[in-house]
Amino acid sequence: MHCLGVGTAASTTAGEIRATNDITAYYSSDERLKENIQELDGALDKVKALRGVTFDWKELSDEQKETIHSHEGHDIGVIAQEVQAQYPELVTEREHGHLAVDYSKLTAVLIQAVKELSAKVDELQK
(Lines give C-alpha, C1' and ligand atoms only; values in the text may rest on other atoms or scores of the structure.)
Protein backbone atom coordinates (compact mmCIF):
# COMPACT_ATOMS: atom_id res chain seq x y z
CA MET A 1 0.00 0.00 0.00
CA HIS A 2 1.46 3.35 -0.98
CA CYS A 3 -1.37 5.65 0.19
CA LEU A 4 -4.40 5.55 2.49
CA GLY A 5 -7.86 7.06 2.50
CA VAL A 6 -10.09 7.15 5.57
CA GLY A 7 -13.68 8.00 4.74
CA THR A 8 -12.52 8.97 1.25
CA ALA A 9 -10.75 7.35 -1.64
CA ALA A 10 -7.01 7.06 -1.29
CA SER A 11 -5.09 9.51 -3.44
CA THR A 12 -2.55 8.28 -5.92
CA THR A 13 0.25 10.17 -4.16
CA ALA A 14 2.70 7.78 -2.51
CA GLY A 15 2.83 8.16 1.26
CA GLU A 16 -0.17 10.49 1.45
CA ILE A 17 -2.91 9.92 4.01
CA ARG A 18 -6.27 11.58 3.42
CA ALA A 19 -9.22 11.72 5.79
CA THR A 20 -12.58 13.45 5.64
CA ASN A 21 -12.70 14.07 9.38
CA ASP A 22 -10.22 15.26 12.02
CA ILE A 23 -6.85 13.61 12.35
CA THR A 24 -5.63 13.66 15.92
CA ALA A 25 -2.01 13.02 16.67
CA TYR A 26 -0.23 13.11 19.98
CA TYR A 27 3.47 13.75 20.23
CA SER A 28 5.53 12.67 23.21
CA SER A 29 6.17 15.97 24.92
CA ASP A 30 6.70 14.97 28.53
CA GLU A 31 9.40 17.06 30.21
CA ARG A 32 10.82 13.86 31.72
CA LEU A 33 11.82 12.77 28.21
CA LYS A 34 13.74 15.95 27.40
CA GLU A 35 17.07 17.50 28.28
CA ASN A 36 18.88 20.72 27.39
CA ILE A 37 15.55 22.59 27.39
CA GLN A 38 15.89 26.21 26.26
CA GLU A 39 13.22 28.77 25.43
CA LEU A 40 13.15 29.96 21.84
CA ASP A 41 14.97 33.26 21.52
CA GLY A 42 13.79 36.07 19.28
CA ALA A 43 10.66 34.23 18.16
CA LEU A 44 8.73 37.45 17.55
CA ASP A 45 11.30 38.85 15.13
CA LYS A 46 11.49 35.52 13.33
CA VAL A 47 7.70 35.27 13.06
CA LYS A 48 7.62 38.82 11.68
CA ALA A 49 9.87 37.56 8.86
CA LEU A 50 7.23 34.98 7.86
CA ARG A 51 4.14 35.58 5.78
CA GLY A 52 0.79 33.94 6.17
CA VAL A 53 -0.47 33.67 2.61
CA THR A 54 -3.37 32.51 0.50
CA PHE A 55 -2.56 30.85 -2.80
CA ASP A 56 -3.74 28.54 -5.54
CA TRP A 57 -2.01 25.20 -6.07
CA LYS A 58 -0.47 24.87 -9.53
CA GLU A 59 -1.98 22.16 -11.69
CA LEU A 60 0.25 19.09 -11.79
CA SER A 61 0.52 16.22 -14.22
CA ASP A 62 -0.82 12.82 -13.20
CA GLU A 63 2.76 11.65 -12.58
CA GLN A 64 3.50 14.68 -10.39
CA LYS A 65 0.29 14.04 -8.43
CA GLU A 66 1.57 10.54 -7.70
CA THR A 67 5.04 11.64 -6.61
CA ILE A 68 4.71 15.18 -5.21
CA HIS A 69 1.19 15.91 -3.91
CA SER A 70 -2.43 15.88 -4.94
CA HIS A 71 -3.53 19.24 -3.50
CA GLU A 72 -5.79 21.36 -5.67
CA GLY A 73 -7.55 24.70 -5.58
CA HIS A 74 -7.31 27.62 -3.19
CA ASP A 75 -5.45 27.22 0.10
CA ILE A 76 -3.76 29.04 2.98
CA GLY A 77 -0.35 28.51 4.54
CA VAL A 78 3.22 29.72 4.75
CA ILE A 79 6.16 29.65 2.34
CA ALA A 80 8.58 26.85 3.20
CA GLN A 81 11.65 28.81 2.11
CA GLU A 82 10.74 31.66 4.50
CA VAL A 83 10.26 29.24 7.38
CA GLN A 84 13.52 27.48 6.51
CA ALA A 85 15.42 30.78 6.73
CA GLN A 86 14.21 31.28 10.32
CA TYR A 87 13.72 27.71 11.60
CA PRO A 88 15.48 25.17 9.36
CA GLU A 89 14.50 22.36 11.75
CA LEU A 90 10.84 22.88 10.78
CA VAL A 91 11.45 22.25 7.08
CA THR A 92 12.24 18.99 5.30
CA GLU A 93 13.35 18.50 1.74
CA ARG A 94 11.40 15.63 0.24
CA GLU A 95 12.82 13.05 -2.16
CA HIS A 96 11.49 15.00 -5.14
CA GLY A 97 13.35 18.15 -4.02
CA HIS A 98 10.34 20.17 -2.83
CA LEU A 99 10.17 21.53 0.71
CA ALA A 100 7.59 20.64 3.37
CA VAL A 101 6.79 22.50 6.62
CA ASP A 102 6.09 20.78 9.93
CA TYR A 103 3.09 22.97 10.75
CA SER A 104 2.46 21.36 14.15
CA LYS A 105 5.88 22.43 15.45
CA LEU A 106 5.30 25.95 14.17
CA THR A 107 2.81 26.23 17.05
CA ALA A 108 5.66 26.40 19.60
CA VAL A 109 7.21 29.29 17.70
CA LEU A 110 3.89 31.16 17.65
CA ILE A 111 3.36 30.59 21.38
CA GLN A 112 6.77 32.04 22.17
CA ALA A 113 6.20 35.01 19.83
CA VAL A 114 2.90 35.80 21.58
CA LYS A 115 4.68 35.68 24.96
CA GLU A 116 7.37 38.07 23.70
CA LEU A 117 4.73 40.42 22.32
CA SER A 118 2.79 40.24 25.58
CA ALA A 119 5.92 41.19 27.53
CA LYS A 120 6.37 44.23 25.28
CA VAL A 121 2.74 45.27 25.84
CA ASP A 122 3.13 44.82 29.61
CA GLU A 123 6.25 47.01 29.56
CA LEU A 124 4.46 49.73 27.59
CA GLN A 125 1.53 49.68 30.05
CA LYS A 126 3.82 50.43 33.01
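**Exercise 1. Classify Phe55 by its exposure, then describe its ring partner.**

Start with the surface: Phe55 has a relative accessible area of 24% and is therefore partly exposed, given that buried means under 20%, exposed over 50%, and partly exposed in between (1.4 Å probe, protein chains only). A word on the model before going on: it is predicted, so local features need pLDDT of at least 70 and side-chain atom pairs pLDDT 80 or more, while totals for chains, interfaces and linings use all residues. Residues are numbered from 1 along each chain as its sequence is written, and side-chain values use heavy atoms, without hydrogens and water.

Next, the ring rule: rings of Phe, Tyr and Trp (its six-membered ring) pair if their centres lie within 6.5 Å, with planes under 30 degrees apart counted as stacked, over 60 as edge-to-face and the rest as tilted. This rule gives one aromatic pair. The ring centres of Phe55 and Trp57 are 5.0 Å apart and the planes meet at 80°, so the pair is edge-to-face. Trp57, at 29% relative accessible area, is partly exposed too.

**Exercise 2. Find the pocket that Trp57 helps to line.**

Take the lining first: 37 residues line the largest pocket, and Trp57, His69, His71, Arg94 and Ala100 lie nearest its centre. Here a pocket is an open set of points on a 1 Å grid over the protein atoms alone, where a 1.4 Å probe fits, with protein on both sides within 12 Å along at least five of seven lines; lining residues have an atom within 4 Å of a point. Then the elements: among those giving two or more residues to the lining are strand 3 (53-56), helix 2 (62-67) and strand 6 (99-101). Helices (H or I, at least four residues) and strands (E, at least two) are DSSP runs, numbered from the N terminus.

**Exercise 3. Trace the largest nonpolar core, starting from its best-connected residues.**

The core has 13 residues, and Val83, Leu90, Val101 and Leu106 have the most contacts inside it. Such a core is a set of buried Ala, Val, Leu, Ile, Met, Phe, Trp, Tyr and Cys residues joined through side-chain atoms within 4.5 Å. Helix 1 (43-48), helix 3 (80-86) and helix 4 (103-125) each supply at least two of its residues; the largest share, three residues, comes from helix 4.

Now zoom in on Leu90: beyond its neighbours within four places in sequence, its contacts (heavy atoms within 4.5 Å) include Val83, Val101, Leu106 and Val109.

**Exercise 4. Decide whether Glu82 is buried or exposed.**

Glu82 belongs to helix 3. Its relative accessibility is 18%, so Glu82 counts as buried. Leaving out residues up to four places away in sequence, Glu82 touches Ala49, Leu50 and Arg51.
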